[in-house]
Amino acid sequence: ALYAVDAGVDALGFIFYTKSPRYVTPEIVGEIVAELPPFVIPVGVFVNASEARMDAVVKLAGLRAIQLHGDEPPEACLGHAVPVIRALRVGVDFEPEQMRSYLVDTYLLDTAKSGKYGGTGETFDWTKAIAAKEMGRIVLSGGLNPDNVTDAMEAVQPYAVDIGSGVEAKPGKKDPQKVKQFLKTVRSFELEDE
């Protein structure tokens, strides 16, 4: 986490889905978050967790936002002490209009793949993300890596990009060089865009 912070991340996602190879306990996240600088946002990623579980983890781990990445209904986005990012899986049937039912202002768009809640390492049709920008802030995810993130940012111009498997040496283990290269590419694009 501290390596990623030094490389320039704005937020760190911590996976609280036990079936993920990236799962981490709230206690460990609490220790990590205590070492983060104040302007890096710790985000908890949940899949079909109860409201009580999410709220308990937010307090224990010191999270400042949560991301709902499962099959949660729209009402699951309401009543939390921290902002909610609604993750939606984008496939051939995805229509941006379906986003209207979620009362959030930030959406993460990831690749739809049967039986997976994320971490597919595959991209989706970015024109769907462009259309989705009318519904709120878009965090682009799904198959991004140091080689394609510039193309993704040029095409979509998202609020933010999200990276996971695209900078890993193996599932659950980040590769410091890939993290550094990804962030260097993102920051270079941001400077050119200004």
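How many salt bridges does a search of the whole structure find? Seven, it turns out. Before I walk you through some of them, keep in mind that what you have on screen is a predicted model.

Okay, let's take the pair E168 and R22. Their side chains meet in a salt bridge, 2.8 Å from N to O. E168 sits in strand β8, residues 168-170, while R22 is in the loop between β1 (11-15) and α2 (26-33), so this pair ties together parts that are 146 residues apart in sequence. And is E168 buried or exposed? With a relative accessibility of 7%, E168 counts as buried, because the cut-off for that is under 20%.

Next pair: R86 and E72. Here the closest N and O atoms are 3.2 Å apart. R86 belongs to strand β4, residues 84-90, and E72 to the loop between β3 (65-68) and β4, so the parts being tied together are 14 residues apart in sequence. Both of these partners, R86 and E72, are buried.

Then there's E97 with R100, another salt bridge between side chains, at 2.8 Å from N to O. R100 counts as exposed, because its relative accessibility is 53% and the cut-off is over 50%. Going back to R22 and E168 for a second: together with K174 they form one network, joined by salt bridges that share partners.

Now the strands at the start of the chain. Which way do β1 and β2 run relative to each other, parallel or antiparallel? They run parallel, and five bridges join β1 to β2, which covers residues 41-46. If you want a spot to zoom in on, I15 stands opposite V45 in β2. Add α2 to those two strands and you've got a β-α-β unit, and that unit is right-handed. So α2 turns up twice today: it's part of this unit, and the loop holding R22 lies between β1 and α2.

Last stop, A160. This residue is in strand β7, residues 160-161. What does A160 touch, once we leave aside its neighbours within four places in sequence? The contacts are I138, V139 and L140. Why call A160 partly exposed? Because its relative accessible area is 26%, which falls between the 20% and 50% cut-offs. For a sense of distance, pick D55, 105 residues away along the chain: the C-alpha atoms of A160 and D55 are separated by 25 Å.

That's my tour, thanks.

Methods
Residues numbered from 1 in each chain as written. Predicted model: local features only at pLDDT ≥ 70, side-chain atom pairs only at ≥ 80, totals over all residues. Heavy atoms only, no water. Helix = DSSP H or I, 4+ residues; strand = E, 2+ residues; numbered from the N terminus. Buried < 20%, exposed > 50% of the residue type's maximum accessible area, 1.4 Å probe, protein only. Contact = heavy atoms within 4.5 Å. Salt bridge = Lys/Arg side-chain N within 4 Å of Asp/Glu carboxyl O. Pairing = 2+ DSSP bridges. Right-handed = clockwise from strand over helix to strand, strands pointing away.
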